[in-house]
Amino acid sequence: VLAAKSPALRNLALVVAALIAGLAWGTWQAGQQLSQRLPPNLERIPVTVEGYVCDIPAAGSFNSQRFSFCITGWPGRAESGLPERLRLSWYGGEAQTLAHHRLTLTVVLRRPHGTLNPSGFRYEDWLFRKGFRATGSVRSAEPTPTLPCNLHCRYTAAHQSLARWVEGRFSGASQYPLIASLMIGNWFCFIPMPFQMLAAALFAIWFNANLPLSVALVWITNP
């Protein structure tokens, strides 16, 4: 009743409700991640997992491919609480195989570990924040297009396909981020839609382009 009569109290109640909702969401997310754990008996042995590549693979050291893998199944494993997201390296792997998106992998895993660095980057903390509950290396990969593909799977497939299209046409350019920024800025300035600058910022993040330049170009050409 007081909140309905006083705008200040109503705004305060909305802020408190938003804080409580955010705290509840964060607690639930942390609980979900902590409930996933790689059993000790599955460490450092070859295991089979099914799922899809859920980010854009990147070239790593020693002729490797580094990527995230979202698991849809652990064939032959009945344990509950197994990790749903892995951070993997594939030494000598082919990017063309990862482009098939839905794969059956033979991997060797271990639980997340990292060096303790009080004043710098902590790899283990980063893995937890990103939802990786195990890391490892790929021994073999087999395309499996018959695996189920949910909404997130379809989104990541579209993202990777679009990224490959852009890279195939502009990867040889010496100023690739600049070209990507100009393309994004010019594209959104001609689209009659609200929040053009916000859309340009999101696409700049998506394509690893120069975010300030993409947003500034939209504002300059179509303020």
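**Exercise 1. Classify the burial of the three ring residues Tyr123, Trp126 and Phe132.**

Step 1. Phe132 is buried, since its relative accessible area is 2%; buried means under 20% relative accessible area, exposed over 50%, and partly exposed in between, with a 1.4 Å probe and protein chains only. This is a predicted model, in which local features need pLDDT of at least 70 and side-chain atom pairs count only at pLDDT 80 or more, while totals for chains, interfaces and linings use all residues. Residues are numbered from 1 along each chain as its sequence is written, and side-chain values use heavy atoms, with hydrogens and water left out.

Step 2. Tyr123 has 26% relative accessibility and therefore counts as partly exposed.

Step 3. Trp126, at 22%, also counts as partly exposed.

**Exercise 2. Determine the geometry of the aromatic pairs in the structure.**

Step 1. Two aromatic pairs are present. Rings of Phe, Tyr and Trp (its six-membered ring) pair if their centres lie within 6.5 Å; planes under 30 degrees apart count as stacked, over 60 as edge-to-face and the rest as tilted.

Step 2. For Tyr123 and Trp126, the ring centres are 6.1 Å apart and the planes lie at 15°, so this pair is stacked.

Step 3. Both Tyr123 and Trp126 belong to helix α4 (residues 123-130), where they are three residues apart, about one turn of the helix. Helices (H or I, at least four residues) and strands (E, at least two) are DSSP runs, numbered from the N terminus.

Step 4. Trp126 also pairs with Phe132: with centres 5.8 Å apart and planes at 35°, the pair is tilted.

Step 5. The ring pairs thus join Tyr123, Trp126 and Phe132 into a cluster.

**Exercise 3. Describe the largest pocket by its volume and lining.**

Step 1. The volume is about 380 Å³. On a 1 Å grid over the protein atoms alone, a pocket is an open set of points where a 1.4 Å probe fits, with protein on both sides within 12 Å along at least five of seven lines; lining residues have an atom within 4 Å of a point.

Step 2. Of the 15 lining residues, Ile56, Pro57, Ala163, Arg164 and Glu167 are the closest to the centre.

Step 3. Helices α3 (95-98) and α5 (151-170) each contribute at least two lining residues, and α5 gives the largest share, four residues.

Note on methods:
Grid points are joined across faces, edges and corners, and a volume is the space filled by probe spheres set on the points. Ala, Val, Leu, Ile, Met, Phe, Trp, Tyr, Cys and Pro count as nonpolar, Asp, Glu, Lys and Arg as charged, and the others, Gly among them, as polar.
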